[in-house]
Amino acid sequence: MDNTQTEKMTLTDRVAEIFGGGQLYCAETSLKLLADAGDIDATPYIPLATGFCSGASRTCGQCGVVSGVIMGLGLYAGRSAPGEDYEPAYVLVQEFVERFEKRCGSLNCQALIGCDFSSPEGQERFREKRLIRKCIQYVVFGVGTALDILQEHGYAVDPARVGHASPQS
């Protein structure tokens with residue numbers, strides 16, 4: 001796919017292609033799209049996100065979208081050396097967590113999708129009920145919200161690169 005086609009895709013299209021198409025999972029997709037919006041190569045960071053997918057590797061933990069977005073926010077505001085200020089990252093993460101939890105009702109994977117990935121029955125339910133559709137919605141909301149927060153705080157991101165129609169546009 002060339003850049004012109006990518007630029008015409010909406011954020012939902014991009015998430016459906018990457019996550020819905022099985023290329024990457026929730027945390028990985030969230031991190032990649034946030035990196036892409038800042039023209040950052042996500043390749044070295046994707047492996048860091050893998051274990052956070054499926055509610056922290058099927059442990060019924062934190063939603064992978066939340067984890068991936070937190071890592072993505074760290075690409076912009078995280079410390080690059082020991083002793084640097086951590087507050088910029090904390091501010092962004094706190095704002096994101098507040099907005100996500102308010103809109104979605106929880107930060108927990110199992111609570112959000114009503115599925116226990118730790119059991120074969122739960123995994124089958126996920127497939128049968130096509131619960132990936134819910135996950136795609138969470139990725140779209142999470143990434144879009146993070147991009148809005150980054151822009152509100154003056155970070156150099158271009159939401160259009162990933163198909164997000166920013167409220168500041």
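Reader: What classes of residue are in the lining of the largest pocket, and how many of each?

Author: By class, there are 14 nonpolar, six polar and three charged residues. Here Ala, Val, Leu, Ile, Met, Phe, Trp, Tyr, Cys and Pro count as nonpolar, Asp, Glu, Lys and Arg as charged, and the others, Gly among them, as polar. Before we go on: this is a predicted model, where local features need pLDDT of at least 70 and side-chain atom pairs pLDDT 80 or more, while totals for chains, interfaces and linings use all residues. Residues are numbered from 1 along each chain as its sequence is written, and side-chain values use heavy atoms, with hydrogens and water left out.

Reader: What makes something a pocket rather than a cavity?

Author: Rolling a probe the size of a water molecule over the atoms shows where empty space is left. On a 1 Å grid over the protein atoms alone, a cavity is a set of points where a 1.4 Å probe fits but cannot get out, whereas a pocket is an open set with protein on both sides within 12 Å along at least five of seven lines. Lining residues have an atom within 4 Å of a point. The largest pocket here has a volume of about 410 Å³, a volume being the space filled by probe spheres set on points joined across faces, edges and corners. Of its 23 lining residues, F19, Y25, S54, F117 and F126 are the closest to the centre.

Reader: Which helix gives the most to that lining?

Author: That's α5, with four residues. Helices are DSSP runs (H or I, at least four residues), numbered from the N terminus.

Reader: How do you know whether C53 is in a disulfide?

Author: A disulfide needs two cysteine sulfur atoms within 2.5 Å. The closest cysteine sulfur to that of C53 is in C26, 4.4 Å away, so that's too far for a bond. C135 is in no disulfide either: the nearest cysteine sulfur, in C109, is 6.2 Å away. The whole structure has zero disulfides.

Reader: Why is C53 called buried?

Author: Buried means under 20% relative accessible area, exposed means over 50%, and partly exposed is in between (1.4 Å probe, protein chains only). C53 has 4%, so it's buried. C135, with 10%, is buried too.

Reader: And what makes T43 count as exposed?

Author: T43 has 57% relative accessibility, so it counts as exposed. You'll find T43 in the loop between α3 (26-37) and α4 (46-50).

Reader: Why is the link between the side chains of T43 and D41 called a polar contact?

Author: A polar contact is a pair of N or O atoms within 3.5 Å; within protein, one must be able to donate a hydrogen and the other to accept it, and residues adjacent in sequence count only if both atoms are side-chain atoms. The T43 and D41 side chains are joined at 2.7 Å, so their distance fits. Another one runs from the side chain of R14 to the backbone oxygen of R161, at 3.2 Å.

Reader: Why is the pair of F96 and F100 called tilted?

Author: Rings of Phe, Tyr and Trp (its six-membered ring) pair if their centres lie within 6.5 Å; planes under 30 degrees apart are stacked, over 60 edge-to-face, and the rest tilted. F96 and F100 have ring centres 5.6 Å apart and planes at 40°, so they're a tilted pair. Being four residues apart in helix α7 (residues 87-104), they are separated by about one helical turn. F96 and F100 are both buried, and they form one aromatic cluster with Y138 and F141.

Notes. Helix = DSSP H or I, 4+ residues; strand = E, 2+ residues; numbered from the N terminus.
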